[in-house]
Structures are given as C-alpha cells and as structure tokens.
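Biologist: I would like a close look at one part, please: the aromatic pairs. Take your time, and tell me how they fit into the rest of the molecule.

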Amino acid sequence: MVCQPKAAGEIQDVLGETAMVEDRTWKDDLYSCTYRFSTGVLVLSVKELSSWDQTYTYFSMLGKTLGETSTLPNLGQGAFQVKNGSVVVRKDWKILLVDITGLPSRFGLPPTSSSDVAATVAFIILGCWAGD
C-alpha cells in the first residue's frame, strides 16, 4: 500500500521528483518504508491496530509525542500536522505517519514547503486506500 509501485508512482508524479523506495519493514504491526530522493528522504509508516480504543489511543499518543499543532479537516477520519510539519492520519484501525524530517524545507518541482508535501502525500495515500 504505502510503499507499493502505484503509490510510489503517484507520489513521484505529484512531487516531480524520483525516489528509490527502500527499507521496507514490518515489525510490531508497523509497516514502513523510506522514499529516498536525491535531496532528502520521506518516511511513510502505517500502524495497524485491532480495536477502536487502540486506534484512538495511538492517534492521541502521536499527537502528544510529536507535538500536534493543527487539525487537518477532510483527511481520513481524523488528521493533524505536528511541529516539524509531518502529518498523522487516522483511517479505520490504521494510523498513517508521513514523516518529512529528512526533507529540505522546500521540496519538489515546483518547490513546495515540506509541510505541504506531507499533507499532499497523505492525501495520495488515502486515495490509494480508497481504491482511487
């Protein structure tokens, strides 16, 4: 899903940058991978939980740990941006984290703020989850 060729192709098309998708891991119900671009890295991860209580607790914990700064309306079933611009999205019993800490402050063609890149990538991934 987040690291598959369809998602990678859409992310690269929208950002105007080519990436190698590396370091795919699955541990403790957390799937993640690194998109390695020539000028930085983007890390995507999805935590799969097994109940609504676990999902809400994990989502809330990320908000506190990463420093939630703003709510992102109309993205998943709940989403927020954190201090460093990364984005967290809740959809069913899954939590997506788009970690932009490895990107420059402006990224892509045309150059866009990395926090906007995070929101855009989250939107693309949610579209893939919905089967678009």
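Modeller: What follows begins with a word on the model, then turns to the rings, and ends with the rest of the chain.

This is a predicted model, in which local features need pLDDT of at least 70 and side-chain atom pairs count only at pLDDT 80 or more, while totals for chains, interfaces and linings use all residues. Residues are numbered from 1 along each chain as its sequence is written, and side-chain values use heavy atoms, with hydrogens and water left out.

Now to your rings. The structure holds five aromatic pairs. One of them is formed by W26 and Y31, with 6.4 Å centre to centre and 50° between the planes, and it is tilted. As for the rule, rings of Phe, Tyr and Trp (its six-membered ring) pair if their centres lie within 6.5 Å; planes under 30 degrees apart count as stacked, over 60 as edge-to-face, and the rest as tilted. Y31 has a relative accessible area of 15%, so it is buried. That word means under 20% relative accessible area, while exposed means over 50% and partly exposed lies in between, with a 1.4 Å probe and protein chains only.

Another pair joins W52 and W93: 6.0 Å separates the ring centres, the planes stand at 90°, and the arrangement is edge-to-face. W52 belongs to helix α2 (residues 52-66) and W93 to the loop between β6 (87-91) and β7 (94-99), so this pair ties together parts that are 41 residues apart in sequence. The elements here are DSSP runs numbered from the N terminus: helices are H or I with at least four residues, strands are E with at least two. Both tryptophans can be placed on the burial scale: W52 is partly exposed at 37% relative accessible area, and W93 is also partly exposed, at 34%. Ring pairs also bring in Y56, linking W52, Y56 and W93 into a cluster.

A ring can have a charge over it too. The charged end of R90 sits over the ring of F59, 5.5 Å from its centre. This is counted if NZ of Lys or CZ of Arg is within 6 Å of the ring centre and within 35 degrees of the ring normal.

Going back to the stretch around W26 and Y31, two residues in the loop between β1 and β2 have a backbone worth your attention. D28 is placed in that loop, with β1 covering 20-27, and its phi is near 50°, a positive value in a residue other than glycine. D29 lies in the loop as well, and it has a positive phi of about 60° although it is not a glycine. On the burial scale, D28 is exposed at 58% relative accessibility, whereas D29 is partly exposed at 41%.

Strand β2 carries a covalent link. C3 and C33 form a disulfide, with their sulfur atoms 1.9 Å apart; the rule asks for a pair of cysteine sulfur atoms within 2.5 Å. The pair links distant parts of the chain, since C3 lies in the segment before α1 (5-15) and C33 in strand β2 (residues 30-37), 30 residues apart. The link is left-handed, with -100° about the S-S bond. C3 is buried at 1% relative accessibility, and C33 is buried at 1%.

T34 lies in strand β2 too and is buried, with a relative accessible area of 11%. Leaving aside residues up to four places away in sequence, T34 touches residues including M20, V21, V41 and V43, where contact means heavy atoms within 4.5 Å.

Finally, the frame around all this. The protein has three helices and nine strands, and from the N terminus on the elements run α-β-β-β-α-β-β-β-β-β-β-α. The radius of gyration is 14 Å, close to the 14 Å that the globule rule gives for 132 residues, so the protein is as compact as a globular protein of that length. That radius is taken over C-alpha atoms, and the globule rule is 2.2 Å times the number of residues to the power 0.38. Of the 132 residues, 45% count as buried. Further along the chain, a cis peptide bond joins L109 and P110, with omega about 0°, and P110 is found in the loop between β8 (106-107) and β9 (112-113).
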